[in-house]
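Dear colleague,

I am handing over the structure that we talked about, and I would be grateful if you could look through it with the notes below at hand. They begin with the overall picture and then turn to single elements and residues.

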Amino acid sequence: IAGTANAKFESLKNQIDPHFLFNSLNVLSSLIEENPDNAQKFTTSLSKIYRYVLEQKDKELVTVQEELAFAKTYMNLLKMRFENSINFTLPENFDNPEAKVVPLSLQLLLENCVKHNIVSQQKPLNIAIYLQDNFLVVENNLQEKDTLQERKGVGLQNIINRYHLLTKRKVLIKNNQDKFAVHLPVLTQQIIQMETQASYSENVAYEKAKLRVQKLKEFYGNLISYCVVIPILIIINLNTSNFHWFWFPMLGWGVGLTIHAFETFGYGKKWEERKINELLEKQNQESNQWK
């Protein structure tokens with residue numbers, strides 16, 4: 001199952017590379033006809049952006065900061081082509097290094113905004129990127145192209161599929177007559193492993209000590225009883241009979257006492273410690289999940 005999921009994830013990541021390049025070349029082709037000067041600038045900027053694509057596409061997650069910085073660069077690239085026909089807003093002063101999203105998700109969504117909507121001076125496209133309720137939202141005013149109304153595109157489905165393989169949280173799509181918004185879950189790896197382990201270890205140590213004391217009390221109670229009862233039985237046997245039957249209870253009880261001592265000071269202790277370590281390791285693995 002893990003191997004299949006990993007293969008699917010790799011396939012999805014590899015899908016991004018040609019998809020981005022193909023759409024960027026389409027933009028460049030349009031620019032060459034519309035504005036040769038911007039086409040030259042676009043080519044220079046594209047090389048920098050494509051380097052980021054190559055660097056990040058092999059990662060499962062990147063920080064929101066990195067994605068926002070890349071989105072700003074990519075939006076400037078789109079601005080070269082559409083000029084005043086497209087407007088963008090980005091969140092300011094976001095500095096949580098633990099907040100992460102799937103790489104290139106913003107670029108794919110921005111690309112879809114342009115691809116599926118009319119962008120003109122008469123109908124400018126307004127795109128807003130903001131954070132809301134632990135989601136990174138990409139929202140645009142809805143002015144769909146008639147030929148593309150029913151298509152979701154490769155980019156959006158790619159994002160949905162990658163999130164599905166990483167977390168139980170879902171990508172939310174909100175669509176009404178005026179706006180289209182995609183809510184990307186912001187993932188944070190729970191930094192509670194050491195705290196959980198420390199708290200868990202304290203509880204385990206207390207329970208272990210409590211159980212240990214109980215076992216010692218039982219053993220020493222058994223030993224004291226043996227040392228008191230067996231001599232009494234020997235005295236009674238020697239004074240009442242020529243047959244030394246005291247050997248039977250002395251040896252039988254002695255074997256039981258030896259086994260009890262072995263469990264208290266030997267194998268039982270090692271087994272208990274091994275189980276504690278296994279439980280701690282399992283707890284650590286369960287805490288190391290994206291949520």
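Helices and strands are taken here as DSSP runs, a helix being a run of H or I of at least four residues and a strand a run of E of at least two, both numbered from the N terminus. Please keep in mind throughout that this is a predicted model.

With that convention, the protein has 8 helices and 7 strands, and buried residues make up 36% of its 291 residues. When contacts between residues at least 6 apart in sequence are considered, 74% of them join residues at least 24 apart.

As for confidence, the mean pLDDT of the protein is 77, with 74% of the residues reaching 70 or more. Among the elements, strand 5 (residues 135–141) has the highest mean pLDDT, at 95, whereas helix 8 (residues 267–287) has the lowest, at 61. Residues 190–196 call for caution, since pLDDT stays under 50 over that stretch, for which the model has 8 contacts beyond four places in sequence.

Two of the helices can be described together. Helix 2 (residues 36–56) has 21 residues and spans 30 Å from its first C-alpha to its last, close to the 30 Å expected at 1.5 Å a residue. Helix 3 (residues 64–82), with 19 residues, reaches 26 Å between its first and last C-alpha atoms, close to an expected 27 Å. The buried residues of helix 2 are N38, A39, F42, S45, L46, I49, Y52, V53 and Q56, and those of helix 3 include V64, L68, F70, Y74 and F82, together with the charged-type position E67.Within helix 3, L68 deserves a separate look. L68 counts as buried because its relative accessible area is 9%, and, leaving aside neighbours within four places in sequence, L68 is in contact with L90, P91, F94, L106, I129 and L136. The C-alpha atoms of L68 and E92, which are 24 residues apart along the chain, are separated by 9.7 Å.

What follows helix 3, and what is the sign of its phi? Helix 3 is followed by E83, whose phi is positive, near 50°, although E83 is not a glycine. E83 sits in the loop between helix 3 and strand 2 (86–89), and its relative accessibility of 40% is why E83 counts as partly exposed. A second residue other than glycine with a positive phi is L104, where the value is near 65°. L104 is placed in the loop between strand 3 (100–101) and helix 4 (105–116), and with a relative accessible area of 0% L104 is buried. For context, most residues other than glycine have a negative phi, so you may wish to look at both of these loops in the model.

Further along the chain, N237 is found in helix 6 (residues 193–240). Is N237 buried or exposed? N237 counts as buried, because its relative accessibility is 0%, and, not counting residues up to four places away in sequence, N237 touches F243, H244, W245 and F246.

Turning to the aromatic rings, the structure holds 5 aromatic pairs. One of them is formed by F219 and Y220, which meet edge-to-face, with 5.4 Å from centre to centre and 65° between the planes. The two partners fall into separate classes of accessibility: F219 is buried at 8% relative accessibility, while Y220, at 41%, is partly exposed. There is also a charge placed against a ring, as R169 lies over the face of F135, at 4.8 Å from the ring centre.

Finally, the cysteines: how many disulfides does the count give? The count comes to 0 disulfides. Of two cysteines that I looked at, C113 is buried, with a relative accessible area of 6%, whereas C227 is partly exposed, with a relative accessible area of 47%.

With best wishes

Note on methods: Residues numbered from 1 in each chain as written. Predicted model: local features only at pLDDT ≥ 70, side-chain atom pairs only at ≥ 80, totals over all residues. Heavy atoms only, no water. Phe/Tyr/Trp six-rings, centres within 6.5 Å; stacked < 30°, edge-to-face > 60°. Buried < 20%, exposed > 50% of the residue type's maximum accessible area, 1.4 Å probe, protein only. Lys NZ or Arg CZ within 6 Å of the ring centre and 35° of its normal. Disulfide = S-S within 2.5 Å. Expected span 1.5 Å × (residues − 1). pLDDT = per-residue confidence, 0-100. Contact = heavy atoms within 4.5 Å.
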